[in-house]
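Reader: Please take a close look at one enclosed part of this model and describe it in connected prose. I would like its surroundings to be included.

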Amino acid sequence: MEYGAVLAAAPLVARPNWLLLSPPPLAPSIQIQNRLYSISSFPLKAGPVRACRALASNYTQTSETVDLDWENLGFGIVQTDYMYIAKCGTDGNFSEGEMVPFGPIALSPSSGVLNYGQGLFEGLKAYKKTDGSILLFRPEENAERMRTGAERMCMPAPSVEQFIDAVKQTVLANKRWIPPTGKGSLYIRPLLMGSGAVLGLAPAPEYTFIIFVSPVGNYFKEGLAPINLIVEDKFHRATPGGTGGVKTIGNYASVLMAQKIAKEKGYSDVLYLDAVHKKYLEEVSSCNVFVVKDNVISTPAIKGTILPGITRKSIIDVALSKGFQVEERLVSVDELLDADEVFCTGTAVVVSPVGSITYQGKRLNIIFA
């Protein structure tokens, strides 16, 4: 039984994973073996969005959408209208938060985030249906992951309810920037950082929770075409006991050198190996990896060095619900080179098939059925 590449989302049927900000949704699904399967979990109901609903209405009265080249959007920052900001002091409680115009923020030179990297971020997307309704996918998972990461980084975090409400406010305030159906999505970036001044190594006395958004297209320049990866065996993304399993800002600075070298050589991105044995797959710079062989879908297990991706979890849920065998375990680079199919998953990359793997100077082309 051959597994077709797991491809990008396409509208299918209403499913409870999708948090609705407008009328009833059509949820994106994934395609495995050329059949469409929708992702399901449990229902969420959109709560009140307070004053922001009126604000968003005012923006859309001026223009339903902005004048952008939606066909060539790419994945980069586009300045939108508003961002959300909430503060937290030594009591550990966040303020209600407010919408402010998108723009620079003031930080002390001695803030915890600038001196000691005390910061986390999340990433999720809002999609627009043909009927104008807006959908969010599993925002509660992002909220929970931020709370887990904040605990590891000795930071307070907003509640799940405040996180989701803040996301909804920010999306509605920037509603006119959501790309038309099929032209992209509104990328949502929640950011939690130690903004309080600190000199000695210690948790910051104040924290700031920010959400900003930007319309985006495909993450990789290849779009939905197969990407080309190079396996990195010298630089490492994370080590056991470190912070590789949480979405802290420092994890991403460490991959920039290897990624820069790879892209200069024409590769799409870098696939990292474990730092101990240097033979087991970890993840790509910004996404998780799956390997398919003889009807079995395998992916590196979550053991503290790999980010627990929300798209990764969704792929596993769907595959298991449809009777596929899925294994979360150590996956060696030798298995990668012998795979029938390889694909990457993540909020930014969605689901990207891998067309070639280069390891120690040897390139393996993957032929799709």
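**The second largest cavity and its lining**

Author: Helix α3 provides the largest share of the lining of the second largest cavity, namely 3 residues. The model is predicted: local features require pLDDT of at least 70 and side-chain atom pairs pLDDT 80 or more, while totals for chains, interfaces and linings use all residues. Residues are numbered from 1 along each chain as its sequence is written, and side-chain values use heavy atoms, without hydrogens or water.

A cavity is a set of points on a 1 Å grid over the protein atoms alone where a 1.4 Å probe fits but cannot get out, lined by residues with an atom within 4 Å of a point. By this rule the protein has 2 cavities of 30 Å³ or more. The volume of the second largest is about 30 Å³ (the space filled by probe spheres on points joined across faces, edges and corners).

Leu120, Phe121, Glu122, Arg145, Met146, Gly149 and Lys247 form the lining of the second largest cavity. At least two of these residues come from β7 (119–121), and at least two from α3 (139–152). By class, 3 lining residues are nonpolar, 1 is polar and 3 are charged (Ala, Val, Leu, Ile, Met, Phe, Trp, Tyr, Cys and Pro are nonpolar; Asp, Glu, Lys and Arg charged; the others, Gly among them, polar).

Among the lining residues is Lys247, which sits in the loop between β12 (227–232) and α5 (250–253). Lys247 counts as buried because its relative accessibility is 12% (buried is under 20%, exposed over 50%, partly exposed in between, with a 1.4 Å probe and protein chains only). Leaving aside residues up to four places away in sequence, Lys247 touches Leu120, Phe121, Glu122, Gly123, Arg145, Tyr252 and Leu307 (heavy atoms within 4.5 Å). Of these partners, Leu120, Phe121, Glu122 and Arg145 also belong to the cavity lining. An unreviewed UniProt entry places the feature "modified residue: N6-(pyridoxal phosphate)lysine" at Lys247; such annotations, with shortened names and positions in the numbering used here, may be inferred rather than shown by experiment.

The surrounding protein contains 8 helices and 20 strands (DSSP runs numbered from the N terminus: H or I of at least four residues, E of at least two). Buried residues account for 52% of its 369 residues. Of the contacts between residues at least 6 apart in sequence, 70% join residues at least 24 apart.

Notes
1 Å grid on protein atoms, 1.4 Å probe; cavity = no way out; pocket = protein on both sides within 12 Å on 5 of 7 lines; lining within 4 Å.
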